[in-house]
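Let's take a walk through a protein model together, looking at its strands, its rings and its cysteines. Keep the viewer open as you read, so that you can turn to each place in turn.

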Amino acid sequence: MLRKLTYAAVFAITAGAASAEECTAITVEDAFDLTEDQIGVLYDCLKEKMATGYAKEGDEIGTNYRSWAATASRPAVAGPHGNRLLNTYANDVAAEQYLKFEEEGFEMPVGSVLAKESITISIKKKAARPGPLFIMTKVGTDEAPDTAGWLYAGLQPNGKVMKVKQSFCHDCHAGWEAQDYLGYPLEEVRLGQ
């Protein structure tokens, strides 16, 4: 009986690993060629692994971001952050303003936090895997004068805090200065209020 249970357990683990590999396989030559259905399969396959991984070290944002307002109907390849599928969540302070997706003339309230899940797409390896959780926190210009009041952070897929150079992130976000340095999900996946 013990051998049968052991064999069954090994079979279940092996089948689970094969299933995970199948659902994260990439067959396109460019991440921008992924269809909505392919993105849905990848996200469904990886979403629990991402949430568990980001929370692994007990980071407050990594543990709680999924209870925040979703800003998109699904992840999408937006271009910034490499060839990654991105899916953004907004905390209660940020949600009302962020979900308007305004293009100019506003400032996010201090205390706004955005957490952007990412799925790393490797065309070379023909596979997808969890990427970092990118985090933006509005702290105000007194605390972050060089980055217009924003602090940039990130968590690795295993929950460990990333070393983030503030200027590296902010230099890219400067392209969205008119909309308080925020990039938005692609229009076709945006969720409004």
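What follows is a tour of a predicted model, starting with the strands and moving on to the aromatic rings and the cysteines.

A good place to begin is strand S4, which spans residues 113–122. Nine of its 10 residues are buried, so strand S4 is largely enclosed by the rest of the structure. Several strands pair with S4. Strand S3 joins S4 through seven bridges in the antiparallel sense, and across this pairing Tyr89 stands opposite Ala115 in S4. Strand S6, residues 133–138, also runs antiparallel to S4, with four bridges between them; here Lys116 has Phe134 in S6 as its bridge partner. Strand S5, residues 127–130, is joined to S4 by four bridges, again antiparallel, and in that pairing Ser122 stands opposite Ala127. If you follow the chain through the hairpin of S4 and S5, you pass four residues between the strands. One residue to look at in this hairpin is Lys126, which takes a positive phi near 55°. As you look along the strands, it may help to recall that in a regular strand the side chains alternate between the two faces of the sheet.

Next, turn to Asn83, which sits in the loop between strand S2 (76–77) and S3. Is Asn83 buried, partly exposed or exposed? Its relative accessibility is 36%, so Asn83 counts as partly exposed. Asn83 and Ile121 are 38 residues apart in sequence, yet their C-alpha atoms are 6.0 Å apart in space. Once its neighbours within four places in sequence are set aside, Asn83 is in contact with Ala31, Phe32, Ile119, Thr120 and Ile121.

Now for the rings. A pair of aromatic rings is described by the distance of the centres and the angle of the planes. How many aromatic pairs does a search of the whole structure find? The search finds five. One of them is formed by Tyr65 and Tyr89, with 5.3 Å from centre to centre and 75° between the planes, an edge-to-face arrangement. This pair links distant parts of the chain, 24 residues apart: Tyr65 is in the loop between helix H3 (60–64) and strand S1 (69–70), while Tyr89 belongs to strand S3, residues 84–90. Both partners are hidden from solvent by the numbers, with Tyr65 buried at 1% relative accessibility and Tyr89 buried with a relative accessible area of 9%. Tyr89 is thus a residue to keep in view, as it takes part in this ring pair and also stands opposite Ala115 in the strand pairing. Tyr54 joins the picture too, forming one aromatic cluster with Tyr65 and Tyr89.

Another pair is made by Tyr98 and Tyr184. Their ring centres are 5.1 Å apart and their planes stand at 70°, so this pair is edge-to-face. Tyr98 lies in helix H4 (residues 92–98) and Tyr184 in the segment after helix H5 (166–173), so the pair ties together parts of the chain 86 residues apart in sequence. Tyr98 counts as buried at 0% relative accessibility, and Tyr184 is also buried, at 12%. A ring can have a charge over it as well: Arg190 lies over the face of Phe101, at 5.0 Å from the ring centre.

The last stop is the cysteines. A disulfide is a covalent bond between the sulfur atoms of two cysteines. The count for this model comes to one disulfide, which joins Cys23 to Cys45 with an S to S distance of 1.8 Å. The two are 22 residues apart, with Cys23 in helix H1 (residues 2–23) and Cys45 in helix H2 (residues 36–55). Cys23 is buried, with a relative accessible area of 17%, whereas Cys45 is partly exposed at 25%.

Why is there no bond between Cys169 and Cys172? The closest cysteine sulfur to that of Cys169 is in Cys172, and at 8.3 Å it is too far for a bond. Cys169 is partly exposed, with a relative accessible area of 22%, and Cys172 counts as partly exposed at 44% relative accessibility.

Notes. Residues numbered from 1 in each chain as written. Predicted model: local features only at pLDDT ≥ 70, side-chain atom pairs only at ≥ 80, totals over all residues. Heavy atoms only, no water. Phe/Tyr/Trp six-rings, centres within 6.5 Å; stacked < 30°, edge-to-face > 60°. Buried < 20%, exposed > 50% of the residue type's maximum accessible area, 1.4 Å probe, protein only. Lys NZ or Arg CZ within 6 Å of the ring centre and 35° of its normal. Disulfide = S-S within 2.5 Å. Contact = heavy atoms within 4.5 Å. Pairing = 2+ DSSP bridges.
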